[in-house]
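New to this one? Here is a quick briefing on the ligand and the enclosed spaces, to read with the model open beside you.

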Amino acid sequence: MGATPAATTSPLAEAQRRLAQAKALIFDIDGTLAETEELHRAAFNEAFVQVGLDWHWGRRIYRDLLRVAGGKERIRAFDQLRRAGPPISDKAIAELHQVKTERFAALMAAASCPLRPGVHALLDGARARGQKLAIATTTTRVNIDALLETTLGPGWEGMFAAVVAADDVTRKKPAPDAYIEALSQLDLPAGACVAFEDSGNGLRAAMRAGVPCIVTRSIYFSDDDFSGALAVVDELSELCV
Ligand code: XBP
Ligand code: MG
């Protein structure tokens, strides 16, 4: 009689098991909860026009620029690529980024970006199981408001035990800082949580903090390296437990 083959668990089943048992779920915003990056790109382009810069970011260049987390850092990276004229100052970057942030809020109010499939069910399921919810993002804090106020309602902040945004930490993703700060606010060890990300940078940030991470593929990062993810899904609806 041959040996009985060892039972194997698929990455999706293992991710569902970890998800059901977690004490807290930690979410990235851009690309994970909603496909916001086209609105960010439009906001950057409107800001360039508003301040009189002849810059325009098409989809191809934006795909490359997205490897740099954070809007201010992305503006600097683009400026360095151009190598024409003197470098843009920190003050000019901050002013330009402020205009971009205002344009993003206006576009979000006008276009109302929906949450991705499965997100509402995931949040509702987590609350029903008594799991805490948290946000760890490298986007500007008011951008979180712009998205979640329209999709979850004005009381959205009460749903989350921790909200960590770009300016709350020194280093942006792929550094683990946003996750370390979220864990500290949650008062939970990394292994008791599950993170949700859409990019290689986000996955690395979660992993460097020791948080197991499920990846949902998004428009701009679908070809990233997701080695080490608990599971990679096209939509979070695939996970509903
Ligand atoms: C999000 C970002 C952000 C947004 C723009 O990364 O990198 O920079 O693209 O927002 P993640 P700001 O989803 O990994 O958190 O312009 O406010 O930075
Ligand atoms: Mg993201």
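A polar contact here is a pair of N or O atoms within 3.5 Å. With that in mind, start at E37, where an N or O atom of the side chain is 2.8 Å from an oxygen atom of ligand 1. Keep in mind that this is a predicted model.

**Polar contacts with ligand 1**

- E37 has company: R74 puts a polar side-chain atom 2.8 Å from an oxygen atom of ligand 1.
- K173 also reaches in, with a polar side-chain atom lying 3.3 Å from an oxygen atom of ligand 1.
- On its own, ligand 1 has 450 Å² of accessible area, and the protein covers 96% of that.

**The shell around ligand 1**

- Ligand 1 has 18 residues around it, and G71, R74, H97, K100 and T140 are the closest.
- Sorted by class, the shell comes to nine polar, six charged and three nonpolar residues.
- Which helix gives the most to the shell around ligand 1? That would be helix 2, with three residues.

**The largest cavity**

- Look for ligand 1 and you've found the spot: the space taken by ligand 1 is the largest cavity.
- The elements that give two or more residues to the shell around ligand 1 are helix 2 (37-50), helix 4 (71-82) and helix 5 (90-111).
- How much space lies in the largest cavity? About 290 Å³.
- Its lining is made of 26 residues, and those nearest the centre of the largest cavity are D30, E37, G70, R74 and T138.
- Helix 2, helix 4 and helix 5 turn up in this lining too, each supplying at least two residues.
- As for classes, the lining of the largest cavity has eleven polar, ten charged and five nonpolar residues.

**The second largest cavity**

- How many cavities of 30 Å³ or more does the structure hold? There are two.
- The second largest cavity has a volume of about 40 Å³.
- Its lining consists of G31, E35, E37, E38, D198, S218, I219, Y220 and F221.
- By class, the second largest cavity is lined by four charged, three nonpolar and two polar residues.

**One residue to remember**

- E37 is worth finding on screen: its side chain has an N or O atom 2.8 Å from an oxygen atom of ligand 1, E37 is among the residues nearest the centre of the largest cavity, and E37 also lines the second largest cavity.

Key:
Residues are numbered from 1 along each chain as its sequence is written. Chains are lettered from A and ligands numbered from 1 in the order in which they are written. This is a predicted model: local features need pLDDT of at least 70, side-chain atom pairs count only at pLDDT 80 or more; totals for chains, interfaces and linings use all residues. Side-chain values use heavy atoms; hydrogens and water are left out. A residue is near a molecule or strand if one of its heavy atoms lies within 4 Å of it. A polar contact is a pair of N or O atoms within 3.5 Å; within protein, one must be able to donate a hydrogen and the other to accept it, and residues adjacent in sequence count only if both atoms are side-chain atoms. Accessible areas come from the Shrake-Rupley method with a 1.4 Å probe; for residues, only the protein chains shown count as cover. On a 1 Å grid over the protein atoms alone, a cavity is a set of points where a 1.4 Å probe fits but cannot get out, and a pocket is an open set with protein on both sides within 12 Å along at least five of seven lines; lining residues have an atom within 4 Å of a point. A molecule sits in a cavity or pocket if more than half of its atoms lie within 2 Å of its grid points. Helices (H or I, at least four residues) and strands (E, at least two) are DSSP runs, numbered from the N terminus. Ala, Val, Leu, Ile, Met, Phe, Trp, Tyr, Cys and Pro count as nonpolar, Asp, Glu, Lys and Arg as charged, and the others, Gly among them, as polar. Grid points are joined across faces, edges and corners, and a volume is the space filled by probe spheres set on the points.
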